[in-house]
Amino acid sequence: MRRKTKLPGGVEEQTGRSWPRNVVAMMMRMKARMSLLRGREEEQPIRRKEAKPRTVMRRTVMWGKERRERREEGRKERRRKKKRRPRVRRTPLNSLTVVYAGFDSVCPFLPSSSDSNSNSSEEEESMSEGEMARLMEEVEEKKKLIANIRNKPWRMQRRLKLLKEAQEFVDKFEGALGKGKGRKWYAYKVMMTKKWIKFQRDFENFRTACIPWERKIKEVESHFGSSVASYFIFLRWMYGMNLVLFGFTFGLVVIPEVLMGLPYGSIPRKTVPRAEQDTAQDYSVLMDFNGYCKYSVLFYGYYNDQRTVGVLKFRLPLSYLMVGIGTFGYSLMLVIRTMAKNADVGGGDGEDSDFTFAWKMFTSWDYLIGNAETADNKYASITTSFKESIVDEQENQKDENIHLRRFLRVLANFLITCSLGGSGYLIYFVVKRSQEFATRDDLSWYEKNEMEIVMSLLGLVCPPLFETIAELEDYHPRIALKWQLGRIFALFLGNLYTFLFALFDEVNTKLEEEQSIKNASIWAMKEYYANYSRLMNDSEATPPPMDPADVIRGPCWETAVGIEFVKLTVSDIQVSYLTILIGDFARAVIVRFLNYCWCWDLEAGFPSYGEFDISGNVLGLVFNQGMIWMGAFYAPGLVGINVLRLLSSMYYQCWAVMATNVPHERVFKASKSNNFYMGLLLLVLFLSLLPVVYTIMTLPPSFDCGPFSGKDKMFDIIMETIDLDLPAFMGTLFSYAANPGLIIPAVLLMVLAIYYLNSVSEAYQNSNMELKKKMKMARDEEKNRRNNADTTNQVMKDLEDLLPNRSLIPPAPPEPEKPPEQEPKPKPTKTKPGTAGKGVNLQKDVALASSNPNARGPVSRPPGPRGPGPGPGAGPGRGRGRGPPPR
Amino acid sequence: MILHRCVIVSILCKFRLHLKGFVIMFSAIKPSIQSICFSHAVFLSLQDCTFFTRKEILRLHGRYHELAPHLVPMDYTNEPDCKIPLALIVNMPELKENPFRNRIVESFSEDGMGNLSFNEFVDMFSVLSEMAPRELKAIYAFKIYDFNVDNYLCKEDLEKTLNKLTKEELTPEEVELVCEKTIEEADLDGDHKLSFADFENMISRAPDFLSTFHIRI
């Protein structure tokens with residue numbers, strides 16, 4: 001109970017006080033009943049004002065006079081309270097839908113105690129532990145309700161009302177919880193939670209306000225369905241990622257070098273050589289990223305190898321390496337996280353064919369469609385798909401010509417492999433030739449740009465070729481899209497890697513060349529000083545430093561690689577934009593306006609309008625990103641170019657798709673293909689990581705350009721930092737960590753962990769499969785039981801099995817027959833329901849019977865021919881309640 | 001004492017947030033709809049009850065106002081009681097092409113006739129938004145496909161659904177077949193109509209349900 005009546009001195013006082021309080025409380029209750037929604041705060045002061053003087057008065061007047069009487073009275077009161085208590089207790093536990101009035105009328109106890117206890121510590125005890133806990137529970141419940149109210153399928157009006165009530169309740173009572181010291185803490189906690197929620201919401205508001213192009217994508221989506229929109233969402237995601245990469249690269253590498261590094265023209269690597277100075281500003285040279293571009297902050301070679309720059313002692317070379325590696329780290333993390341999130345969202349797998357028709361019926365309409373033409377296409381495609389499945393239904397095995405189809409598919413794959421190989425060879429050939437050309441000067445424009453042109457042409461020609469070949473295969477468009485993506489991906493990848501290998505050849509020749517140049521350069525320097533002292537006849541005088549433009553330099557293979565990548569990216573941008581302009585826009589203009597004076601209907605007939613090429617665009621994006629990842633280390637400016645490209649292409653492609661393209665003929669949904677894109681991206685990321693890491697780890701950096709010049713290997717910069725900047729014990733720590741004795745166990749441990757996690761996930765998968773199987777079985781069983789529930793089915797069946805003509809059937813021993821019967825148990829559900837009228841019914845009954853221990857009998861029936869008609873033994877009980885097959 | 005202080009502080013906070021809310025509102029809205037006014041509390045409760053952020057609610061209100069400028073007042077501070085009839089709502093570009101547009105609006109209206117107040121309007125798009133959970137969507141999908149509002153999807157409902165989906169291009173036999181098959185597939189309790197339990201069981205495994213039962217506003 002909430003008063004401790006045992007206290008010797010407290011009894012009188014208590015009763016004395018509790019009496020008026022109860023009276024007042026009763027009065028208040030009456031009041032509260034009348035004014036239901038009046039705030040609690042109004043009532044409290046009145047009550048307290050009334051209560052205090054009366055207690056005092058009573059105490060003074062009645063002191064020791066009529067103790068017994070009052071004690072009795074008090075007891076009565078307590079009893080009365082006891083009687084009332086259950087109400088107090090029960091009401092908070094009732095559900096929230098309790099009439100508010102009833103609740104309010106009982107409440108006066110609680111806040112009164114809570115309110116006045118800030119004055120007297122004694123009254124704090126007035127709420128017992130249990131009540132407190134209950135109240136706490138209730139408050140928690142209400143809070144949960146507030147958090148989840150949006151998930152409740154109620155009318156908005158009701159939701160708002162309940163929300164308001166719950167909030168009021170929480171506001172009123174959560175301050176009353178906790179006691180003594182805990183109360184302050186509790187109040188503080190509550191306040192902080194409120195603020196935190198508030199902050200989260202504001203942040204969420206801010207975040208959604210920051211997501212760009214929401215309306216644009218929505219517009220595209222409503223015109224072209226979700227598959228096209230998925231490309232734009234992917235593009236936006238890519239833009240976000242590149243923006244972060246851009247921030248890193250520019251914030252930590254480019255801008256420090258520009259602001260704090262040596263200015264242009266101060267040292268050889270930052271100066272255009274004398275020989276090139278005449279042409280360094282020509283447009284054609286600049287477009288090839290030579291001349292001033294080559295000796296700018298865009299490329300690796302420009303960066304100085306000073307350990308620190310500026311007053312801040314910013315370690316630029318270290319930061320360069322870290323950003324180069326961090327780019328990959330960040331991208332990997334982001335891609336994997338996004339993939340995991342997507343995988344989490346993607347609900348059940350669509351492979352179950354249990355609900356072919358039901359799913360078609362209820363989920364085939366894409367509610368996003370808001371464009372008449374798309375809607376028409378969608379109607380048509382839904383109708384077709386229904387008809388297709390009806391046909392499938394009617395003749396379940398329509399693949400009578402499976403051999404032809406197989407042959408065609410093999411043929412298609414063969415052709416595609418051939419063309420892939422051909423394109424790979426072509427690129428290799430072209431790259432080799434370009435190396436030959438590199439030594440010559442009299443080159444035509446074509447010869448100079450041969451490689452880019454060939455690569456772009458391959459990218460233009462091959463995908464449509466693949467698409468044409470893929471028509472042989474006759475897949476569902478969604479599967480066809482994946483195949484197409486995979487093939488173009490292989491093409492791009494093959495091209496990229498051929499390109500890379502050729503580039504490595506070039507790098508190796510440059511490295512050899514560099515060795516000789518290095519010697520020549522040193523020799524020239526010596527010569528210069530010697531000449532100088534000879535000319536001046538004064539060996540003491542320090543000669544003025546050689547003009548940086550005259551110093552002999554090495555080929556700087558890193559910058560060369562960077563230039564290749566930048567050129568490739570830029571030509572890729574040009575080609576893709578031109579393709580859109582010519583292939584889509586010009587085509588659309590011609591079709592639209594020439595249609596007035598043409599012999600046939602251009603819009604409906606041959607050229608027609610273009611469709612948005614999802615696979616090509618996605619892969620273009622992925623491939624482009626791969627080049628950025630690879631090239632960013634050698635050309636920090638590449639990230640900036642890419643950000644510009646993505647930004648412009650968002651607007652440009654949005655415009656192009658809305659203005660010139662028509663929706664796909666077979667509108668299909670992009671179900672989870674987003675993760676497919678991500679998978680491609682991950683693969684590309686990994687593949688582009690390899691060459692970069694290889695060069696960082698193995699190739700020696702150029703001796704006279706770039707942040708790592710003078711080192712044996714690029715990663716030596718880390719060793720240097722550890723040795724020079726970190727305290728000595730860190731160095732020893734690292735040397736221990738790099739000890740093979742430690743690394744090998746670590747690798748082993750990781751392998752073990754991977755193995756363990758793998759087996760765990762396999763086990764989960766297995767149990768998942770088991771559960772699925774069980775669910776399926778339960779479902780079938782349930783269905784059959786319900787279907788036949790109207791008859792005395794089991795008994796009938798058992799009787800049926802005992803019929804004499806059963807035994808006349810060739811004796812099929814029940815024991816060996818069981819496994820084959822149980823094996824194909826999934827079969828009845830796998831063949832689409834109602835494959836052939838009653839055949840399914842029979843099979844399902846068998847499945848039911850065998851899963852039922854009482855009815856093992858039917859298994860003895862020969863499993864062989866199970867024609868569409870019911871066998872002679874099939875009684876009237878079979879398939880009841882389903883009606884005849886509607887034909 | 002500390003409690004009082006907390007109360008005061010929180011009141012102050014609230015007041016400040018009020019101010020902030022208005023400032024944000026006025027700076028965020030385009031001048032054309034600047035006069036839309038919500039009290040902060042309405043915002044909060046709407047955000048609690050739906051999956052929308054402040055910006056989206058404002059945008060929704062803009063759309064709502066656009067539908068019937070003469071019916072809907074700009075000023076929403078004291079939550080006027082007004083409703084927009086179904087005929088106007090189904091003409092929104094988001095719904096115009098939807099074969100189930102009338103059902104959608106009807107099932108979200110309190111009176112069942114398709115007159116939506118602003119709260120119901122927000123509710124509708126909240127359920128159809130991306131963030132709404134599958135269970136919630138399933139409930140409303142069931143309501144939408146339940147043409148004759150008897151809490152079961154019977155054959156009649158399915159036929160209507162199918163005819164709307166295919167623009168009545170299937171022959172009656174085909175329709176019959178498809179409906180039969182649908183019921184056979186999804187009906188667990190053998191009463192030849194789909195109860196909500198059947199429907200949920202079926203839709204919870206549909207791979208495309210979440211991505212298709214979704215309207216971006």
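## Helices, contacts and burial: worked exercises

In chain B, α9(B) and α10(B) are oblique to each other (angles under 35 degrees count as roughly parallel, over 145 as roughly antiparallel, 65 to 115 as roughly perpendicular and the rest as oblique). This is a predicted model, where local features need pLDDT of at least 70, side-chain atom pairs count only at pLDDT 80 or more, and totals for chains, interfaces and linings use all residues. Residues are numbered from 1 along each chain as its sequence is written, chains are lettered from A and ligands numbered from 1 in the order in which they are written, and side-chain values use heavy atoms, with hydrogens and water left out.

**Exercise 1. Describe how α9(B) packs on α10(B).**

Step 1: Two packed helices are described by the angle between their axes and the distance between the axes. Axes are lines fitted to C-alpha atoms, for helices over the stretch in contact, and angles run from 0 to 180 degrees between N-to-C directions. Helices (H or I, at least four residues) and strands (E, at least two) are DSSP runs, numbered from the N terminus.

Step 2: Find α9 at residues 155-166 of chain B and α10 at residues 172-186 of chain B; they pack at about 120°, with axes 10 Å apart.

Step 3: Check the hand. The crossing of α9(B) and α10(B) is right-handed (a crossing is left-handed if the near helix is turned anticlockwise from the far one by less than a right angle, and right-handed if clockwise).

Step 4: List the contacts (heavy atoms within 4.5 Å). From α9(B) come B:K155, B:L158, B:E159, B:L162 and B:N163, and they meet residues of α10(B) including B:V175, B:C179 and B:I183.

Step 5: Sort the residues of this contact by class: six nonpolar, two polar and four charged. Ala, Val, Leu, Ile, Met, Phe, Trp, Tyr, Cys and Pro count as nonpolar, Asp, Glu, Lys and Arg as charged, and the others, Gly among them, as polar.

**Exercise 2. Do the same for α6(A) and α7(A).**

Step 1: Helix α6 (residues 129-148) of chain A and helix α7 (residues 156-173) of chain A have axes that come within 9 Å and cross at roughly 140°. That makes α6(A) oblique to α7(A).

Step 2: The hand here is left-handed for α6(A) and α7(A).

Step 3: Among the α6(A) residues in the contact are A:L135, A:V139 and A:I146, and α7(A) brings residues including A:L163, A:F169 and A:F173. The class tally for α6(A) with α7(A) is ten nonpolar, one polar and three charged.

**Exercise 3. Take A:L621, A:V591 and A:D704. Where does each one sit, and what does it touch?**

Step 1: A:L621 belongs to helix α20 (residues 614-631) of chain A. With a relative accessible area of 3%, A:L621 is buried (under 20% relative accessible area, exposed being over 50% and partly exposed in between, with a 1.4 Å probe and protein chains only). Skip residues up to four places away in sequence, and A:L621 touches A:Y231, A:F234, A:L235, A:M238 and A:L646. Its C-alpha atom is 9.2 Å from that of A:L681, 60 residues apart along the chain.

Step 2: A:V591 is in helix α19 (residues 557-594) of chain A and counts as buried at 1% relative accessibility. Outside its neighbours within four places in sequence, A:V591 contacts A:L602, A:E603, A:P607, A:S608 and A:Y609. For A:V591 and A:S608, which are 17 residues apart along the chain, the C-alpha separation is 6.4 Å.

Step 3: A:D704 is in a loop, between α22 (673-698) and α23 (716-724) of chain A. A:D704 still counts as buried, at 17% relative accessibility. Beyond its neighbours within four places in sequence, A:D704 is in contact with A:R269, A:I552, A:R553, A:G554 and A:S709.

**Exercise 4. Set the UniProt annotations against the model.**

Step 1: An unreviewed UniProt entry places "domain: EF-hand" at residues 133-168 and 174-209 of chain B. UniProt positions follow the numbering used here, feature names are shortened, and annotations may be inferred rather than shown by experiment.

Step 2: Residues 133-168 of chain B are 67% helix and 0% strand, with end C-alpha atoms 32 Å apart. For residues 174-209 of chain B, expect 61% helix, 0% strand and 24 Å between the end C-alpha atoms.

Step 3: In chain A, the UniProt feature "transmembrane region" (unreviewed entry) covers spans including 484-504 and 733-757. Residues 484-504 of chain A are 100% helix, with 30 Å between the end C-alpha atoms. Residues 733-757 of chain A come out at 92% helix and 0% strand, and the end C-alpha atoms are 30 Å apart.

**Exercise 5. Sum up each chain.**

Step 1: Chain A has 30 helices and two strands, and 44% of its 887 residues count as buried.

Step 2: Chain B has twelve helices and two strands, and 57% of its 217 residues are buried.
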